[in-house]
Amino acid sequence: MPIFNNKKGKSENLTLPSDIILPKHIGIIMDGNGRWAKKRGLPRTAGHSVGSNTFKTIARYCSEIGIKYLTVYAFSTENWKRPQEEVISLMKIFKSYMLEAINEFKDETIKIRFIGDTSKFSPELQDLMKQTEEGGADRDGMVLNIAVNYGGRAEIVTAVKQICSDIESGKLDKSSIDEKLISDYLYTADQPDPDLIIRPSGEYRTSNFLLWQSAYSEYVIMDNVLWPDFSKENLNEAIIEYSKRNRRYGGI
Ligand code: IPE
Ligand code: IPE
Ligand code: MG
């Protein structure tokens with residue numbers, strides 16, 4: 001049984017069986033920040049702030065154990081309807097994460113990409129997203145997709161519009177439309193579909209996350225943990241559960 005070490009080289013009791021089937025691509029719906037804060041009598045924004053630290057820990061851990069793609073759901077197309085104060089505080093958290101990523105994550109191998117309609121963010125945030133992506137463009141480690149202003153339905157609508165426009169301009173022939181082509185017009189083009197999708201906080205729904213790509217993803221819903229408390233052990237638990245699943249893809 002291999003023991004994975006944390007960043008400081010200190011051995012934690014984190015074990016994954018040696019015969020584990022590691023998912024190539026993990027999706028995480030980082031849910032439960034508000035409830036975590038409420039339970040402690042804190043403002044919801046405190047939950048988002050602790051949740052952003054959890055995100056950094058878990059992203060690094062996924063990279064350490066050899067996950068090739070990680071997609072985290074950070075802000076949905078529907079989250080704009082939250083109180084303005086909460087949206088503003090989330091934007092501040094995104095900004096400070098990107099400043100950290102640009103200025104301090106020089107030794108990282110993780111390649112960050114933003115997926116979603118980023119044109120709705122402030123010019124400053126859009127510029128930081130660009131710098132974050134460009135700063136890691138040459139890295140060859142885990143691909144980290146951060147889904148912001150992301151909605152699975154909006155993603156499909158954008159793809160359909162682009163396909164129509166490419167047909168109109170003659171770049172594409174109608175007869176070439178198939179599942180592979182549609183996948184190639186999504187934000188996750190060239191990436192494998194998620195094998196495992198984890199949702200802490202116990203909600204049994206997709207909330208518009210990776211609708212097309214998750215057709216055969218294995219869902220692990222964890223109702224005993226809210227995102228700010230989500231640990232490396234919880235990630236291992238989800239992977240172990242995934243590893244036991246019998247993926248049939250419609251076969252027998
Ligand atoms: C997830 O936590 C973070 C975002 C959606 C931005 P929530 O804020 O949804 O937390 P709960 O679900 O209200 O507890
Ligand atoms: C999904 O969580 C979006 C993110 C985690 C970013 P929500 O909290 O927005 O989803 P619902 O409202 O419970 O479906
Ligand atoms: Mg929620």
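How do the residues of the shell around ligand 2 divide into nonpolar, polar and charged? Keep that in mind while you look through these close-ups, which come from a predicted model.

**View 1. The largest pocket, home to ligand 1 and ligand 2.** Let's start with the space itself, which comes to about 690 Å³ in the largest pocket. The lining takes in 33 residues, and closest to the centre of this pocket are Met 30, Asp 31, Ala 74, Asn 79 and Arg 82. If you'd rather follow secondary structure, look for α1, α2, β4, α3 and β6 (143–150), each of which supplies at least two residues of the lining. Sorted by class, the lining of the largest pocket holds 16 nonpolar, 9 polar and 8 charged residues. Ligand 1 sits in here, and the space taken by ligand 2 is this largest pocket too.

**View 2. The shell around ligand 2.** Here's who surrounds ligand 2: Ile 29, Met 30, Asp 31, Tyr 73, Ala 74, Phe 75, Asn 79, Arg 82, Arg 199, Arg 205 and Ser 207. Back to the opening question: this shell splits into 5 nonpolar, 2 polar and 4 charged residues. Strand β4 (residues 69–76) gives the most to the shell, with 3 residues.

**View 3. Three arginines by ligand 2.** Zoom in on the oxygen atoms of the ligand. With Arg 205, the distance from an N or O atom of the side chain to an oxygen atom of ligand 2 is 2.8 Å. The side chain of Arg 82 has an N or O atom 3.2 Å from an oxygen atom of ligand 2. For Arg 199, an N or O atom in the side chain lies 3.4 Å from an oxygen atom of this ligand. On its own, ligand 2 has 390 Å² of accessible area, and the protein covers 78% of that.

**View 4. Polar contacts of ligand 1.** Now move over to ligand 1, which has 13 residues around it; Asp 31, Gly 34, Arg 35, Arg 44 and Arg 82 come nearest. Arg 82 may ring a bell, as its side chain also turned up beside ligand 2. Here, an N or O atom in the side chain of Arg 82 is 2.6 Å from an oxygen atom of ligand 1. The backbone joins in as well: a backbone N or O atom of Asn 33 lies 3.1 Å from an oxygen atom of ligand 1, and a polar backbone atom of Gly 32 is 3.3 Å from an oxygen atom of the ligand. The protein covers 87% of the 370 Å² of accessible area that ligand 1 has on its own.

**View 5. Helices around ligand 1.** Which element gives the most to the shell around ligand 1? That would be α1, with 3 residues. By class, this shell has 3 nonpolar, 5 polar and 5 charged residues. Once again, ligand 1 sits in the largest pocket. The elements that give two or more residues to its shell are α1 (33–39), α2 (44–65) and α3 (84–104).

**View 6. The second largest pocket.** One last stop: this pocket has a volume of about 200 Å³. Its lining is made up of Glu 179, Ser 183, Asp 193, Pro 194, Asp 195, Trp 212, Gln 213, Ala 215, Tyr 216, Ser 217, Arg 247 and Tyr 249. By class, these lining residues divide into 5 nonpolar, 3 polar and 4 charged.

Terms used: Residues are numbered from 1 along each chain as its sequence is written. Chains are lettered from A and ligands numbered from 1 in the order in which they are written. This is a predicted model: local features need pLDDT of at least 70, side-chain atom pairs count only at pLDDT 80 or more; totals for chains, interfaces and linings use all residues. Side-chain values use heavy atoms; hydrogens and water are left out. A residue is near a molecule or strand if one of its heavy atoms lies within 4 Å of it. A polar contact is a pair of N or O atoms within 3.5 Å; within protein, one must be able to donate a hydrogen and the other to accept it, and residues adjacent in sequence count only if both atoms are side-chain atoms. Accessible areas come from the Shrake-Rupley method with a 1.4 Å probe; for residues, only the protein chains shown count as cover. On a 1 Å grid over the protein atoms alone, a cavity is a set of points where a 1.4 Å probe fits but cannot get out, and a pocket is an open set with protein on both sides within 12 Å along at least five of seven lines; lining residues have an atom within 4 Å of a point. A molecule sits in a cavity or pocket if more than half of its atoms lie within 2 Å of its grid points. Helices (H or I, at least four residues) and strands (E, at least two) are DSSP runs, numbered from the N terminus. Ala, Val, Leu, Ile, Met, Phe, Trp, Tyr, Cys and Pro count as nonpolar, Asp, Glu, Lys and Arg as charged, and the others, Gly among them, as polar. Grid points are joined across faces, edges and corners, and a volume is the space filled by probe spheres set on the points.
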